[in-house]
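Grab a pencil and work through these exercises with the model open beside you. Each one sets a task and then walks through the solution.

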Amino acid sequence: MTLTAPVPARTSQQPAASPRRPVRPLRVLLHVFLAMVALGWLMPLALAVYASLRPYDETARLGYLSLPEHLTLDYYGEAWSQAELPRYYLNTLVIVVPGVLITLMLASFTAFAIARLRIPGRKTLLIVFTAGNLLPPQVLLTPLYTLYTMVPLPAWLSDSQALYDSYLGLILIHVAFQFGFCVFVIANFMRTIPEEINEAALVDGASVWRRYWQLTLPLCRPVLAALSTLQFTWMYNDFLWALVLMSSGDKLPVTSALNNLRGQFFTDYNLLAAGSVLVALPTLIVFQLLHKQFVAGLTLGSTKG
Amino acid sequence: MAVKTRRYSARDVTILVIGLGVAIVVNVGLIWGPTLASVGLSGTDWNGIGPIEWIGGQNYADLADEYPPFWSAVRNNLLWLGFLGLIATPFGLFCAVLLDRRLRLSRVYQSALYMPVVLSLAVVGFIAQLVYSSDYGVLNAVSGLTVDWLGDRSINIWVVMVAAGWRHVGYVMIIYLAGLKAVDPALKEAAAIDGASESQTFFRVVFPTLRPINVIVLVITVIEALRAFDIVYAINRGRNGLELLSVLVTENIVGEASRIGFGSAIAVILLAISLGFIVTYLSQLFREER
């Protein structure tokens, strides 16, 4: 039942290879195959970058798969200024940063209560929370939409004066939807922390909050790092919630705003490619920098040692 | 252990009630409440404003008989599931098995394979247009064909599934790779000493130990197939051959006609399918616990 930490990635590989004598031709074949797959996998993204660097009339004349006559960064400038991408990045930030923080706060406390305190019904709670995360969003979309239009908000919180079309509404649904997964992963992780620490604190008369905030949470740093990376990516990539629960075009997060680069009658795909690359960039950077945390987050929920 | 129950001070109880209370209210209010409401609304003809009238199973009958997109959506969702489950998932497993050995450049291959996982499906949809565009897309340029890959309703679902599979393979590979690394190497050594070939070792020894991972991957695959939405919506709003159940639900609220009751009926069908798999998954997850 314990969740193994994501560390043993490399160590376990050594013993398998050493006793056998290496079969060279097969090795080469393996490399050729994997290299081809890897290249094939990178190709679409490389193509998007390539297309974004070429003027429209050139690709319209020669197709996307042709040698460049001109390379230009103009489309990036255009996507950046004309499509007002900075504003949409900011919108995303306003939604994602509180979204990740609140989700992790709420989920870690709930996980602590479930994994460490013998509260009644803890297993039922965990099952209900985890199941909620697995539902397809469309299952609850219709009533949620109706609910959002009916809940009033004061004007200082949302200029739409309702949960619908407000940042708060989007943050809330992200929190609610991602919460179950986080509780599950954090609770599993907390069970691997030796109980003695907690018991010693209990003997010393430490309060629930102190045991959560000062004793347990600091030990959960690896899992919190993994989950925040993953949650950032998921919330950033959201398309559906914003599409349904937002109506003002200027409040959309950046992923949904990409649609704005599509013209009414004519779409300049090179511009769209530049926009796509710009939109993909933050998650690609996060992935490159926090690659270990990202993979850990994805596998934490699924591997149980 | 039982001693603990009485150790909570009044302040402890307050904090617990507030913390768990918020969690439960958010979860029930925004997830399970609306889900149940979908079930209730699916028996009504509500349009979002007027009075709510109970019409029983009428919406379901209309769905089956008078709403052609429904059956093409069902067909497409099944195709999607079949494609991810029978092609993308096994390919992800295959790559994981190949990468689960000491290989130079293994990290590079892995990164390339799972890079699409961090991309938003909407972005994947836009990139797909560059590849498949009929006039100057790469696929036609390379193959010399002049097929309208995304516009022809008999083939567009297939090429879109390939784009979705592009992302799914990496996801599955990461999960299997983690599972394979957790397999005790002694098992493989023992099999090798007994003279088992590499494929025998895999199918008879390693694969059976991956059972929990298999269930998880199966559920992820099903859920992904049911959730599929962004990519077709980014391409053509899920019309003209790209209908999916998720799109139909969305269309019935954001679209011109707000048919809450009707949309809910489609949502309930999605719910019924997914619940079966969710229950399987959870019973697998929670089996070892008391």
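**Exercise 1. Find what share of chain A counts as buried, and describe its make-up.**

Step 1: Of the 305 residues in chain A, 47% count as buried. Buried means 20 or more other C-beta atoms within 10 Å of the residue's own, exposed means 12 or fewer, and partly exposed is in between, with C-beta atoms placed from the backbone.

Step 2: Chain A has 15 helices and zero strands. Both are DSSP runs numbered from the N terminus: H or I of at least four residues for helices, E of at least two for strands.

Step 3: Take the contacts in chain A between residues at least 6 apart in sequence: 74% of them join residues at least 24 apart. A contact here is a pair whose C-beta atoms, placed from the backbone, lie within 7 Å.

A word on the ground rules: this is a predicted model, where local features need pLDDT of at least 70 and side-chain atom pairs count only at pLDDT 80 or more, while totals for chains, interfaces and linings use all residues. Residues are numbered from 1 along each chain as its sequence is written, with chains lettered from A and ligands numbered from 1 in the order in which they are written.

**Exercise 2. Work out where chain A deserves caution.**

Step 1: Chain A has a mean pLDDT (the predictor's confidence in each residue, from 0 to 100) of 83, and 89% of its residues reach 70 or more.

Step 2: Confidence in chain A is lowest in helix 1 (residues 14–17), with a mean of 45, and highest in helix 5 (residues 85–116), at 94.

Step 3: Over residues 1–18 of chain A, pLDDT stays under 50. Where pLDDT is low, the predicted coordinates should not be read in detail.

**Exercise 3. Describe how chains A and B meet.**

Step 1: The contact takes 85 residues from chain A and 87 residues from chain B. On the chain A side, helix 2 (residues 24–52) gives the most, with 11 residues.

Step 2: Sort that side of chain A by class and you get 60 nonpolar, 22 polar and three charged residues. Ala, Val, Leu, Ile, Met, Phe, Trp, Tyr, Cys and Pro count as nonpolar, Asp, Glu, Lys and Arg as charged, and the others, Gly among them, as polar.

Step 3: Now zoom in on helix 7 of chain A and helix 1 (residues 10–41) of chain B, whose axes come within 7 Å and cross at roughly 100 degrees. Axes are lines fitted to C-alpha atoms, for helices over the stretch in contact, and angles run from 0 to 180 degrees between N-to-C directions.

Step 4: Helix 7 of chain A and helix 1 of chain B are therefore roughly perpendicular. The cut-offs are under 35 degrees for roughly parallel, over 145 for roughly antiparallel, 65 to 115 for roughly perpendicular, and oblique for the rest.

Step 5: Among the residues that meet are A:Leu140 and A:Leu147 from helix 7 of chain A, and B:Ile31 and B:Leu41 from helix 1 of chain B. The classes in this contact are 10 nonpolar, three polar and no charged residues.

**Exercise 4. Track down two residues with a positive phi that are not glycine.**

Step 1: Most residues other than glycine have a negative phi.

Step 2: A:Asp165 has a positive phi of about 65 degrees. A:Asp165 sits in the loop between helix 7 (138–150) and helix 8 (167–191) of chain A, and counts as partly exposed because it has 19 C-beta neighbours inside 10 Å.

Step 3: B:Asn240 has a phi near 50 degrees. B:Asn240 lies in the loop between helix 11 (230–236) and helix 12 (245–254) of chain B, and its 14 C-beta neighbours inside 10 Å make it partly exposed.

Note on methods:
Contact = placed C-beta atoms within 7 Å.
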